[in-house]
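Let's take a walk through a protein structure together, one piece at a time. Have the sequence and the 3D view open, and follow along.

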Amino acid sequence: MKLELRLVEDFGATLVDGYDAARYRHGRIEPFVDMAESIVLDFTSVRTANSSFINALIAGLVEQHGERLLQKMTFKGCNPVIQVLVEAAIDLGLQKSDERVRA
Amino acid sequence: MEIILPERLKGAGVLPFLSQLRDPQPGEEVILDFGRLRRITPVGLVTIAATVMRWRCENRRVHFRNLERCAVTSYLQRMDLLRVSGYKWEEAFERRDSKGRFVPVRLLDHHVDGMSQDVAACLAPGGEDYDHPMSGLYDLASYVLTETANNVRQHSGGIGYVAAQATRAEGMVRLALADNGMGILQTFRDAGFPWAKDVDDPEAIRKALEPRVSCKAGEPNEGVGLTLVSGLARLTQAWLMIVSGTGVLRIKPESDPVLSELPDGGHYQGTLVAMTFPEREAHDFARLLHNAKVESGLLRKHRAPIRFEP
């Protein structure tokens, strides 16, 4: 199964609210992580986003499932700003995952 | 209680004014005297808007005095300060499109995405297109606005306002947001952070700038919004001021952040964030954001492999 989510269709071109992102992650991504062979987050036509949204969407996923999740994830259609936000969210998720292991 | 507005309400010049806004006696009327006012920027406008709204919510009568003698009454009208404060005053001018010049005082409601798009497009016309020369300014304005407005809406428990101005001749952009909520320190205390009971307002502001200090298990908020806003301010040679309760934090270009208290034992009920930055520093926002994340430890050099596709 391939899970492909076009964010512009669900949120429009501006992604800003971390609570919206967290709800989306819990409802639309988390339940399918184990059964999906690939997960594509498609940011095509998304113009702007902030750290609150991207962290809530991605950092928690990476924290929960670890670096192995990245082997099945693809980030599509990111402009350079969103690419930075995605990289930082993944790094934050990995840092939190490491902290959990150490705790 | 009568408050005479000073000649200039801009930059750090608002601090003595904020101290004057201390709580009136229960039921006491408030008179704001505009007669001496000659210059006001967004930071002064949003402060007045948020405070007047707080007084009105307390069922206090608020009067604006000497607007007919004020040198900038038409500017106050163009910036919608009188309208959002519920004050009617006949306009003796024709309104024109404010695009590229200023964003009138606007209530921060739950449509943070729409607000940020509108304000960013007004400050950086054309920047909606990522390849446009104004896109860096559009992105910077949008980022700062959405992160600070989210704080107002999700944590302050109060009502907030935003205003902005771009002065093309100077090449400077001014953004300001103010709310009349519980302030940063009380937000931390309500969230149950144990250290919050032992700190004061200036220290609470400093804590809010540390990455992930306000991050709480089970909450989507990672506590990096103000961290990155202050990092972006430093990288763009901006002037940033945050006021909350008795605390004041100021970041000036090429200087370390300075924490202080409001003068004369003042206390601002709510939080005020004001930023002035040179437009030319905003042209490559992706690089700025990357550097701000690296400097605050939110993006390490050694990274996991990530698959990006066009």
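Is B:Glu281 buried, partly exposed or exposed? Buried would take a relative accessible area under 20%, and exposed would take over 50%. B:Glu281 has 23% relative accessibility, so it counts as partly exposed. One thing to keep in mind as we go: what you're looking at is a predicted model.

B:Glu281 also has a partner. B:Arg280 forms a salt bridge with B:Glu281, and their closest N and O atoms are 3.6 Å apart. B:Arg280 itself is exposed, because its relative accessible area is 61%.

Just before these two in the chain comes B:Glu279, which makes a salt bridge with B:Arg168; here the closest N and O atoms are 2.6 Å apart. Find both ends of that pair. B:Glu279 lies in the loop between strand 12 and helix 10 of chain B, while B:Arg168 is in the loop between strand 7 and strand 8 of that chain, so the salt bridge ties together parts that are 111 residues apart in sequence. With 36% relative accessibility, B:Arg168 counts as partly exposed.

Salt bridges turn up elsewhere too: the count over all chains comes to 25. One of them links the side chains of B:Asp139 and A:Arg47, at 2.8 Å from N to O. This pair crosses between chains, going from helix 6 of chain B to the loop between strand 3 and strand 4 of chain A. And how accessible are the two partners? B:Asp139 is buried, with a relative accessible area of 5%, and A:Arg47 is buried as well, at 10%. Charged side chains can also join up in a network, and B:Asp80, B:Arg83, B:Glu91 and B:Arg95 are linked that way by salt bridges.

Now for the sheets. Which strands make up the open sheet of 4 strands, and in what order? The order is 1(A)-3(A)-5(A)-13(B), with parallel pairing, so follow it from chain A into chain B. Strand 1 of chain A and strand 13 of chain B stand at the edges with a single partner strand each, so one side of each has no neighbour in the sheet.

Let's step across that sheet. Strand 1 and strand 3 of chain A run parallel and are joined by 5 bridges, with A:Arg6 standing opposite A:Asp42 in strand 3. Next, 4 bridges join strand 3 of chain A to strand 5 of chain A, again in parallel. Here A:Ile39 has A:Met73 in strand 5 as its bridge partner. Then comes the step into the other chain: strand 5 of chain A and strand 13 of chain B pair in the parallel sense over 2 bridges, and A:Lys76 has B:Glu309 as its bridge partner. Why is strand 3 of chain A described as largely enclosed by the rest of the structure? Because 4 of its 5 residues are buried.

Helix 2 of chain A is a good next stop. Its buried residues are A:Gly18, A:Ala21, A:Ala22, A:Tyr24, A:Arg25 and A:Ile29. Look down the helix axis and you'll see that they fall within an arc of 160°, so they line one face of the helix. Here's the background: an α-helix has 3.6 residues a turn, so residues three or four places apart point the same way. What covers the buried residues of helix 2 of chain A includes strand 1, helix 1, strand 3 and helix 3 of chain A. At the N-terminal end, A:Asp17 caps the helix, with a side-chain oxygen 2.8 Å from the backbone nitrogen of A:Tyr19.

Chain B has an open sheet of 3 strands, with the order 1-3-5 and parallel pairing. Its edge strands are strand 1 and strand 5 of chain B, each pairing on one side only. The twist from one strand to the next averages 20°. Strand 3 of chain B is joined to strand 5 of chain B by 4 bridges, and B:Ile31 stands opposite B:His63.

Finally, a backbone detail. Most residues other than glycine have a negative phi. B:Asn59 has a positive phi near 60°; look for it in the loop between helix 2 and strand 5 of chain B. B:Asn59 is exposed, at 71% relative accessibility. B:Gln237 also has a positive phi, of about 60°, and lies in the loop between helix 9 and strand 9 of chain B. B:Gln237 is partly exposed, with a relative accessible area of 28%.

Key. Residues numbered from 1 in each chain as written. Chains lettered and ligands numbered in written order. Predicted model: local features only at pLDDT ≥ 70, side-chain atom pairs only at ≥ 80, totals over all residues. Heavy atoms only, no water. Buried < 20%, exposed > 50% of the residue type's maximum accessible area, 1.4 Å probe, protein only. Arc of directions from axis to C-beta. Contact = heavy atoms within 4.5 Å. Polar contact = N/O pair within 3.5 Å; in protein donor to acceptor, adjacent residues only side chain to side chain. Pairing = 2+ DSSP bridges. Axes fitted to C-alpha atoms, helices over the stretch in contact; angles between N-to-C directions. Salt bridge = Lys/Arg side-chain N within 4 Å of Asp/Glu carboxyl O.
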